[in-house]
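User: I'm new to this structure and would like a close look at one part of it. Could you pick a helix and walk me through how it sits in the rest of the chain?

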Amino acid sequence: NGFTEQKSYVTEKSRYFSELYRYENVVVSRNGKVMAFTKGDYRQPYDLHLVKNLSLKRGVTLGECMAEAQKLTAINSFQTEYRWGDVELVHWTAYDGTPLDGLLYLPEGRKEGEKLPMLVFFYEKKSHTLYDYIEPAPSRAGLNIPLYVSNGYALFVPDVVYRVGHPGESARNCINSGVEAVCKRF
């Protein structure tokens, strides 16, 4: 019944099995019949899931096996008090022609065409955190994204590509062009 850690099914370059969730802490029993893992996204904390009678037969994908998993935990039930929303990956081109990505968090229940106040938060690159769960809690650094989204704010987190020796110009190039692109779109 013991579990041994396997080489990660999730690599640094390709951490996501699907467009919807992030899977972490994948472990398989010594006999290969049981698999446990955590699964989550922006709205859902990383709950523990279990697959019994694991069968990785030819033609069956790991994702299909994980879809059959039993959810064992339901952590952070307090989060139902928050007006969550969605996060999406946005793309634009910086003033200097650099293709960029960023994250746009929008509150749920917004109406099409509705204007929202928008906050912009930046720190190097954050687009790789698209499917990271963010607990609604105070933070020493950064913003409590669920708190602001819950209160009706849009939150834009642009990636910043810095050129050596030009941090201010690099930030302006990436952030301002991203804000303009998001405002034009919405």
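Analyst: Here is a walk along helix H3, with its surroundings filled in as we go.

Keep in mind that this is a predicted model. A little context helps before zooming in. The chain has 186 residues, and 37% of them count as buried. It holds three helices and nine strands. Reading from the N terminus, the order of elements is β-β-β-β-α-β-β-β-β-α-β-α, with a helix at the end of that run. Contacts often link distant parts of the sequence: taking contacts with a separation of 6 or more, 58% are between residues 24 or more positions apart.

Now to H3 itself. The helix covers residues 167–185. Its 19 residues stretch 27 Å from the first C-alpha to the last, close to the 27 Å expected at 1.5 Å a residue.

Which residues of H3 are buried? They are Ser170, Ala171, Asn173, Cys174, Ile175, Ser177, Gly178 and Val182. Looking down the axis of H3, you'd find these buried residues within an arc of 165°, so they line one face of the helix. There's a simple piece of helix geometry that goes with this picture. An α-helix makes a turn every 3.6 residues, so residues three or four places apart point the same way. On the other side of H3, Gly168 and Lys184 are exposed.

What do the buried residues of H3 pack against? Their partners are four strands: E6 (86–93), E7, E8 and E9 (154–158). E7 spans residues 99–106, while E8 spans 118–120.

Let's zoom in on one residue of that buried face. Serine 177 belongs to helix H3. It has a relative accessible area of 5%, and because that is under the 20% cut-off, it counts as buried. Leaving aside residues up to four places away in sequence, Serine 177 touches Trp92, Thr93, Ala94, Tyr95 and Arg172. Two of those names, Trp92 and Thr93, fall within the range of E6.

H3 also helps to line a pocket. The second largest pocket holds about 230 Å³ of space. It is lined by 15 residues, and those nearest its centre are Glu114, Lys115, Leu116, Val182 and Phe186. Val182 is one you've already met, as a buried residue of H3. The elements that give two or more residues to this lining are E7 and H3, and H3 gives the most, with three residues. By type, the lining of the second largest pocket splits into eight nonpolar, one polar and six charged residues.

For comparison, take a look at the largest pocket. It has about 290 Å³ of space. There are 17 residues lining it, and the closest to the centre are Phe121, Lys126, Ile134, Leu143 and Ile145. Here E7 and H2 each supply at least two residues of the lining, so to speak of E7 is to speak of an element that shows up in both pockets. The lining of the largest pocket divides into ten nonpolar, four polar and three charged residues.

One last stop lies outside H3. Aspartate 132 is in the loop between strand E8 and helix H2 (145–150). Its relative accessible area is 17%, so it is buried as well, under the 20% cut-off. Not counting residues up to four places away in sequence, Aspartate 132 touches Arg22, Asp41, Tyr42 and Tyr46.

Key. Residues are numbered from 1 along each chain as its sequence is written. This is a predicted model: local features need pLDDT of at least 70, side-chain atom pairs count only at pLDDT 80 or more; totals for chains, interfaces and linings use all residues. Side-chain values use heavy atoms; hydrogens and water are left out. Buried means under 20% relative accessible area, exposed over 50%, partly exposed in between (1.4 Å probe, protein chains only). Contact means heavy atoms within 4.5 Å. On a 1 Å grid over the protein atoms alone, a cavity is a set of points where a 1.4 Å probe fits but cannot get out, and a pocket is an open set with protein on both sides within 12 Å along at least five of seven lines; lining residues have an atom within 4 Å of a point. Grid points are joined across faces, edges and corners, and a volume is the space filled by probe spheres set on the points. Ala, Val, Leu, Ile, Met, Phe, Trp, Tyr, Cys and Pro count as nonpolar, Asp, Glu, Lys and Arg as charged, and the others, Gly among them, as polar. The expected span of a helix is 1.5 Å times one less than its number of residues. The arc is that of the directions from the helix axis to the C-beta atoms.
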